[in-house]
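Colleague: I am new to this model and would like a close look at one part of it, the aromatic pairs and the surroundings in which they sit. Please take me through them slowly, and then outward to what lies around them.

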Protein chains: 2
Amino acid sequence: MTIDKSLLAGSTALLVLKLLESGDKYGYQMVEELRRRSDQTFELKSGTLYPLLHSLEQKGYIEAWEEDVGTARPRRYYHLTDSGRRQLAEKEDEWRTYAGAMLRVLEGGA
Amino acid sequence: MTIDKSLLAGSTALLVLKLLESGDKYGYQMVEELRRRSDQTFELKSGTLYPLLHSLEQKGYIEAWEEDVGTARPRRYYHLTDSGRRQLAEKEDEWRTYAGAMLRVLEGGA
DNA sequence: TATGATATATCGACCATCTACTTATGTCAA
DNA sequence: TTGACATAAGTAGATGGTCGATATATCATA
């Protein structure tokens with residue numbers, strides 16, 4: 001593949017960054033919003049999301065801050081950094097390239 | 001994910017089945033045609049393709065026959081079975097569902 | 001003569017996801 | 001009040017797909 005090899009399996013990273021574009025969110029909230037915005041198509045598992053959030057934080061794309069709601073566990077909100085915003089734009093481009101190529105093949109392109 | 005978990009990493013299977021829809025082809029030929037039809041976006045590696053072809057054959061989606069060209073290695077042509085044709089239709093549906101959901105999220109859908 | 005194209009194939013490494021499990025609290029119904 | 005479910009974050013191990021490297025073999029071209 002010319003495009004980044006983790007593009008296919010890695011579209012979850014794009015989705016998470018995209019969710020944070022419209023405001024800080026915590027993990028559990030992202031799972032719900034993603035399910036809603038995708039009409040139940042994407043059911044992100046916690047075992048997938050939390051390790052992903054940690055790796056995105058390590059790369060400097062997102063930053064965490066905690067809110068102690070008093071109940072249960074404190075919420076860990078994530079904020080999209082400038083670097084994360086650039087990464088988001090890049091990944092979005094990449095995905096559109098991928099989807100475009102898929103469509104050309106599926107439409108029986110030349 | 002509600003959709004098959006191997007959908008993302010597994011869109012190569014869909015691509016290969018799609019290529020065989022328009023006629024029997026051999027591995028090396030698929031790599032070339034895929035590159036051409038996707039405008040160089042998809043560069044399928046032989047280490048990915050051949051094991052994939054074998055697994056598709058085991059599942060009964062494709063059947064192989066050899067053509068001894070006399071030169072070098074004989075070509076192993078693959079033929080799409082009826083079962084493979086059904087699988088192709090299913091995978092194509094699945095992909096469009098996935099792509100549609102991605103677009104809804106990327107367009108900032110409700 | 002050696003490089004690159006043609007052609008198929010395997011192996012080990014890597015990486016992302018999934019399932020299952022853990023911890024902890026609040027709420028609602030039987 | 002017991003059990004189930006929602007909220008909330010997290011880890012560990014298994015699985016599965018892709019890639020790079022390597023192997024083999026022939027032919028054409030520089």
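Modeller: What follows starts from the aromatic pairs and then turns to the sheet, the contact between the chains and one loop. Please keep in mind throughout that this is a predicted model.

Over all chains, the count comes to 10 aromatic pairs. One of them joins A:Y26 and A:Y77, whose ring centres are 5.2 Å apart and whose planes stand at 75°, and because planes over 60 degrees apart count as edge-to-face, that is the name this pair receives. A:Y26 belongs to strand β1 (residues 25-26) of chain A, while A:Y77 belongs to strand β3 (residues 75-80) of chain A, so the pair ties together parts that are 51 residues apart in sequence. Both partners fall under the 20% limit for buried residues: A:Y26 is buried at 16% relative accessibility, and A:Y77 is buried with a relative accessible area of 13%.

A second pair to look at is the one between A:Y98 and B:W95, which is also edge-to-face, with 6.2 Å from centre to centre and 70° between the planes. This pair crosses between chains, running from A:Y98 in helix α4 (residues 82-106) of chain A to B:W95 in helix α4 (residues 82-106) of chain B. A:Y98 counts as buried at 2% relative accessibility, and B:W95 is likewise buried, with a relative accessible area of 2%. These two residues belong to one aromatic cluster, which is formed by A:F42, A:W95, A:Y98, B:F42, B:W95 and B:Y98.

Turning to the sheet in chain B, one finds an open sheet of 3 strands in the order β1-β3-β2, with antiparallel pairing. Its edge strands are β1 (25-26) and β2 (62-67) of chain B, each of which pairs on one side only. Strand β1 of chain B and strand β3 (residues 75-80) of chain B are joined in the antiparallel sense over 2 bridges, and within this sheet B:Y26 has B:Y77 in β3 of chain B as its bridge partner.

The contact between the two chains deserves a wider view, since the cross-chain pair described above is one part of the picture. In this contact, 37 residues of chain A meet 37 residues of chain B, and the area buried between the chains is about 3,400 Å², with carbon and sulfur atoms giving 64% of that area. There are 4 salt bridges across the interface of chain A and chain B; B:R96 and A:E107 are joined by their side chains in a salt bridge with an N to O distance of 3.5 Å. Polar contacts between chain A and chain B come to 13 residue pairs. On the side of chain A that touches chain B, α1 (11-21), α2 (27-37) and α4 of chain A each supply at least two residues, and α4 of chain A gives the most, with 12 residues.

Finally, there is a loop to consider in chain A, where A:G60 is found between α3 (46-58) and β2 (62-67). A:G60 is partly exposed, with a relative accessible area of 29%. Beyond its neighbours within four places in sequence, A:G60 is in contact with A:T81, A:S83 and A:G84, whereas A:G60 and A:R35, which are 25 residues apart in sequence, lie 26 Å apart in space from C-alpha to C-alpha.

Note on methods. Residues numbered from 1 in each chain as written. Chains lettered and ligands numbered in written order. Predicted model: local features only at pLDDT ≥ 70, side-chain atom pairs only at ≥ 80, totals over all residues. Heavy atoms only, no water. Phe/Tyr/Trp six-rings, centres within 6.5 Å; stacked < 30°, edge-to-face > 60°. Helix = DSSP H or I, 4+ residues; strand = E, 2+ residues; numbered from the N terminus. Buried < 20%, exposed > 50% of the residue type's maximum accessible area, 1.4 Å probe, protein only. Pairing = 2+ DSSP bridges. Contact = heavy atoms within 4.5 Å. Buried area = accessible area lost by both parts, 1.4 Å probe. Polar contact = N/O pair within 3.5 Å; in protein donor to acceptor, adjacent residues only side chain to side chain.
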